[in-house]
Amino acid sequence: MAHTASSESTANEAFPRIPSLDDAAIRAAPRPPVPIISSTASAPTVVGPEQLGARNRVHYGLNVDVTQAPMSAPHLSPLSPSEGIRRRNTRANTFRTLEEFEDFERRPGWKPGAEPGVDPKKPDGGQESSPALHAECQITVVDFSEDNLAIHDMGNAELVEFVKEPQPSWVKCRWINVNGLSWDVIQALGKYKDLHRLAIEDIMNTRNRTKADWYAGHAFLIMTCMKLVRLLDEDSDNSDEDEDEDQDQDEVAPRVEGNGAWHTAGRKLRRWIIGKKVQHPTAANVLEKGGLSSDTAGHSFTHQPTGFSDVFNPNTICTLQRYHAAPNAARTEYMEKHSALATRGLAVMAEQVAMFITSDNTVIAFFEQSADDVEVPILARLRSPTTILRQSCDASMVAQAIMDAIIDMAIPVTACYADIVGDLELDVLTHPSIKHTKRLYIIISEINKMFSFVNPIQTLISSLRDHKTKLSQEVVSRELQNPSRGVIITQAAYIYLGDVYDHCILITENLTQIKESANHMIDLIFNTIATYQNESMKQLTIVTIIFLPLTFITGYFGQNFEKFPQVTDNDISYFWRIAAPTAIVTIIVLMREALYDGFVRFFQRKHILEIRKKKRQRIDRARQQDRRRFSRKS
């Protein structure tokens with residue numbers, strides 16, 4: 001009870017007045033020196049309210065030995081007015097928060113704790129500065145119904161004005177395909193369909209994972225597009241021109257001096273160096289948009305020529321090694337230079353694809369550079385009134401067609417890697433080298449990266465299929481453009497998304513098989529090299545065992561003595577009469593286990609060969625009897 005009363009009095013007692021900083025008397029008051037205390041504090045004890053002072057609430061019993069310090073220091077009370085605002089007791093120059101993230105995270109304008117998302121209704125997006133993302137985009141707007149089709153090609157300014165106009169009444173489905181990323185286009189479409197600010201931020205940040213986000217009036221999808229492209233070195237054309245110029249100079253200027261041979265040799269050496277450099281093109285090389293001549297496993301590596309040549313910028317292509325790469329530029333350049341496809345003049349181009357499915361039956365797709373590869377085959381289907389895509393007038397079916405085209409472009413990539421691994425397998429089986437392990441490691445790293453891009457698409461497809469509508473087909477056809485129904489994934493889209501899911505599984509299985517083959521080849525290389533080394537050591541050991549007694553006897557008889565009758569009274573045959581039996585006995589003693597195993601294997605192998613020979617003879621006799629019977633019947 002005494003303890004409770006003490007606690008209550010402590011809680012109800014007011015805190016003492018804090019002296020003002022202007023109190024001159026306190027500032028002028030002398031401060032006692034700080035003593036040096038050497039003690040051990042005991043547990044706190046609670047005292048009664050009559051013993052409580054104005055400042056102390058808990059009394060600590062201390063056994064203190066106080067000695068005066070040799071130098072006095074001013075004592076500052078916790079409530080000392082001269083201290084003012086207390087600062088944290090931190091060590092200076094110990095660590096400092098890193099505020100510049102550009103070297104580690106390539107997201108301009110991003111800071112920890114910043115407002116998430118980009119608001120398209122504000123000119124600056126609701127950020128500290130206006131987004132600096134701008135490009136001349138090629139935009140295709142496709143309006144269609146069962147009977148009509150309208151295709152509009154426009155640029156940035158035309159789209160901003162186009163979205164302000166009302167949609168025609170005959171349009172049942174609209175597809176807006178954007179090739180390129182620009183803030184004015186993203187802002188206009190964000191206002192047009194009231195796109196969520198988090199989705200707008202994900203469009204502008206091209207380092208997102210594959211995902212599907214569901215908002216009030218639209219679904220937002222992000223995935224990675226991969227395709228095969230062919231690289232041409234910038235110096236290839238120059239080398240051809242130099243070769244023509246050299247030929248012209250050779251025809252005009254006759255070689256009358258001996259320097260002509262050196263000139264020819266230097267020109268050939270330069271051509272040889274250029275030819276070697278073509279075998280390892282990098283991202284700085286120019287991307288050719290023509291047809292590829294390599295065909296593998298029934299797939300054609302044909303890159304359809306684009307009609308957006310003004311949008312396609314070879315200097316901004318993103319290869320597989322650069323896409324979602326770490327900020328270590330040296331590693332990226334090395335991996336790109338020694339890529340598995342570099343020797344064939346090929347590369348894998350990767351980019352982020354963002355797509356919206358809105359509640360009013362509209363699809364908006366954002367590509368960085370490859371919109372034409374998806375647009376051309378889908379437009380061909382929409383131009384035919386009898387196709388399923390045209391008859392459905394369904395935005396979810398258009399999204400399915402886009403995803404199907406993106407996945408189909410990755411199939412030739414896996415076929416090409418399978419062909420490269422097959423060639424490496426032949427080299428490893430015929431002549432394994434430690435250099436092959438480096439190429440296989442690079443292949444495995446590229447396969448892992450592609451697998452990380454394709455495998456999450458299965459989850460994305462499953463998310464779309466899980467949102468399948470339960471409405472009947474008749475109701476769905478009437479409610480596709482009704483925003484109050486939300487995003488509708490129709491029964492047809494559910495079925496055909498299963499086909500895209502099967503293609504994803506096929507690609508992931510092929511990538512897994514290629515990766516396992518590469519890992520097994522690395523194991524085979526090291527095992528084979530280790531076996532070769534063991535065989536070499538075995539041969540050296542056998543030679544050493546054979547010459548060991550000979551070396552001993554030679555050293556024994558080669559000693560320099562004044563009188564050695566065994567040497568002086570005998571010829572060379574005496575040495576061999578001693579050395580040969582000694583060598584034979586040494587070999588038998590040291591290699592007895594190997595010799596025994598060799599004899600056992602010899603007789604076992606002989607027995608197996610005899611059984612196989614008898615079996616082959618029986619098969620031959622059966623064949624001869626069958627031939628005789630067939631000849632008699634005929």
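A residue is called buried when its relative accessible area is under 20%. The exercises below apply this term to a predicted model.

**Exercise 1. The long-range setting**

Determine how many helices and strands the chain has, and what share of its residues is buried.

*Solution.* The chain holds 17 helices and twelve strands. Of its 634 residues, 35% count as buried. Among contacts between residues at least 6 apart in sequence, 74% join residues at least 24 apart.

**Exercise 2. Helix H11**

Decide whether helix H11 is largely enclosed, and compare its reach with the expected span.

*Solution.* Step 1: H11 covers residues 395-430, which makes 36 residues. Step 2: 26 of these 36 residues are buried, and therefore the helix is largely enclosed by the rest of the structure. Step 3: from first C-alpha to last, H11 reaches 54 Å, close to the 52 Å expected at 1.5 Å a residue.

**Exercise 3. Strand S11 and its partner**

Establish how S11 is covered on its two faces and how it is joined to S12.

*Solution.* Step 1: in a regular strand, side chains alternate between the two faces of the sheet. Step 2: on one side of S11, the buried residues include Leu346, Val348 and Phe356, and on the other they include Ala347, Met349 and Ile357. Step 3: 13 of the 13 residues of S11 (residues 346-358) are buried, so the strand is largely enclosed by the rest of the structure. Step 4: four bridges join S11 to S12 (residues 362-367), and the two strands run antiparallel. Met355, for example, has Ala365 in S12 as its bridge partner. Step 5: the two strands form a hairpin with three residues between them, and Asn361 in the turn has a positive phi of about 65°.

**Exercise 4. Helix H4**

Identify what the buried residues of H4 pack against.

*Solution.* Step 1: eight of the eleven residues of H4 (residues 183-193) are buried, so this helix is largely enclosed by the rest of the structure. Among them are Trp183, Ile186 and Leu189. Step 2: the buried residues pack against several elements, including S3, H3, H5, S11 and S12. Step 3: just after H4, Asp194 takes a positive phi of about 55°.

**Exercise 5. Arg390**

Find which polar partner lies by the side chain of Arg390, and whether a salt bridge is present or absent.

*Solution.* Step 1: Arg390 lies in helix H10 (residues 388-392). Step 2: Arg390 is buried yet has no salt bridge, the nearest side chain of opposite charge being Asp147, 6.5 Å away. Step 3: a salt bridge requires the charged atoms to be within 4 Å. Step 4: a polar atom of the Arg390 side chain lies 2.6 Å from the backbone oxygen of Ser145.

Terms used
Residues numbered from 1 in each chain as written. Predicted model: local features only at pLDDT ≥ 70, side-chain atom pairs only at ≥ 80, totals over all residues. Heavy atoms only, no water. Buried < 20%, exposed > 50% of the residue type's maximum accessible area, 1.4 Å probe, protein only. Lys, Arg positive; Asp, Glu negative; His and termini not counted. Polar contact = N/O pair within 3.5 Å; in protein donor to acceptor, adjacent residues only side chain to side chain. Expected span 1.5 Å × (residues − 1). Pairing = 2+ DSSP bridges. Contact = heavy atoms within 4.5 Å.
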